[in-house]
Every structure is written in structure tokens, then in C-alpha cells.
Amino acid sequence: MGAQWKAKHKDIAANIKGKVFGKLVKEILVAARGGADPSMNSRLRLAVEQAKKASMPKDTLERAIKRGAGLTDEPVNFEHVIYEGFAPHQVAVMVECLTDNVRRTAPEMRVLFRKGQLGTSGSVAWDFDHLGMIEAAPLAAGADPEEAAIEAGAQDLEPGDEEGTTLFYTDPTELDLVSKALGTHGFNVLSAKLGYRPKNPVSAASLSPEALEEVEAFLAAIDENDDVQNVYVALTE
């Protein structure tokens, strides 16, 4: 939960697939600015891999790459913006957005943070490490994640969000390198991106059931915003 909060019961939402595709398309559009060839653009390659694993239609994927690379007449004007602050009960939060209109997103974030506290730039970032995050699953039973981490050059690891997976942490500049190396050391990479890991997370067990429910409701509302790509929370189970 501390590395990246994920809304519970998303599978019951009728529009979940569309929201996932929408976020992936945005990432592809921004990544493709660095070139339309995934083999020459590591960020785009990782985004394309994510889109394929989410079963994005091929024509949607190709159209997003061309548009992002400037090969169509459709303009792409997304900005990367991070909002920092606190959820209820002083749980630090980093909200990563890709927006085509900051004048729309900023007031929406202010409204969403009313039940918490919206901070200024740097107000909670100091309490997070900016790292590469790679979630991977063993290709065969018995694969040792600690050994793979050492061999691939990962800095740290912990159990992943899904049972049987491992979350490997890397230096931001080595995300692509470690991601490729894990594949040669017995692990199938499920996702790879840059993100934020809390240094001093709050234990969920230290919160009352009512307080935890307030935090989760706050995070769910944030996550529902169309401009939000990722939510990083200083909370552990």
C-alpha cells in the first residue's frame, strides 16, 4: 500500500477498462514525444508493454504512438503535474497527474483535498524516495527474487501487489536496464515505471477502522479523477 495505493473493488466499476486504457494512452502519448520507435525509446517500450498486457486494441495503441510522436494533425499538450499533501489523519500523499488543462485540474485537486490537506511543492516529497519500480513474477517455481535482485542490479525488493509477485526497486536511471536484466534471471516483468516510495509510512494497524475508512474513501475519490495517473501513499498494512 505504501508504494502505490490501488483502489479496492475497482473491478465492479463499469468503466474500469476505459479508465485503464485512458491512463495508458496518456502515458504513451507523452512517452512517444521521445520517438515513435519503442526499440529506441525505453519509456515508450515500457508503456507499450503495459498496454499490450492490458489487452489494448492494436489500432488504439498505434494511433496513440503516432499522435504522441507528432505524426498526425492532432496536437498533444499534456503536462506532468504532482500534487502533494495529506489524506485524513496526516497520511502523506503524492498524486501524479497528466493533464491537458492545469486550470481545470488544480481546482479539482483543491476540492478533493478538502478532507485532507493540500500542500505546496516539496511539502511531503522530502519524505518519499523517487525510484524505479518493477513488478515481476517468477517464470518457474523456486526462482529466488533476492538472487535475481542482486544479479539484475536492483536496490531493494518487497512482495508485490499480486500474490507471488515481487516489487523490485531501482535507481531511476537504471529502470530499463534492471527491467531487461530481470528477464534473464528468471522473472517476467509485469510493469515498470518511475514512482515514489515513502520513507516513514504510517501503519494501517495504528488507525482505527473508522479512520482507515476515511483515508481509503479520500484516496478512492482522488483516484477516480481522470487526470490522475498514480497515487503514492505513506501507508503500510
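Helix H7, which spans residues 209–224, has 16 residues and reaches 22 Å from its first C-alpha to its last, close to the 22 Å expected at 1.5 Å a residue (the expected span being 1.5 Å times one less than the number of residues). This is a predicted model, in which local features need pLDDT of at least 70 and side-chain atom pairs count only at pLDDT 80 or more, while totals for chains, interfaces and linings use all residues. Residues are numbered from 1 along each chain as its sequence is written, and side-chain values use heavy atoms, with hydrogens and water left out.

**Helix H7**
- The buried residues of H7 (buried means under 20% relative accessible area, exposed over 50%, partly exposed in between, with a 1.4 Å probe and protein chains only) are Ala211, Val215, Glu216, Phe218, Leu219, Ile222 and Asp223.
- Seen down the axis of H7, these buried residues fall within an arc of 160 degrees, so they line one face of the helix; the arc is that of the directions from the helix axis to the C-beta atoms.
- The face turned away from the buried side carries the exposed residues Pro209, Glu210 and Glu213.

**Salt bridges**
- The structure holds 11 salt bridges, each a side-chain nitrogen of Lys or Arg within 4 Å of a carboxyl oxygen of Asp or Glu.
- Arg45 and Asp176 meet in one of them at 2.3 Å, N to O.
- Arg45 lies in helix H2 and Asp176 in helix H6, so the pair ties together parts that are 131 residues apart in sequence; helices (H or I, at least four residues) are DSSP runs, numbered from the N terminus, as are strands (E, at least two).
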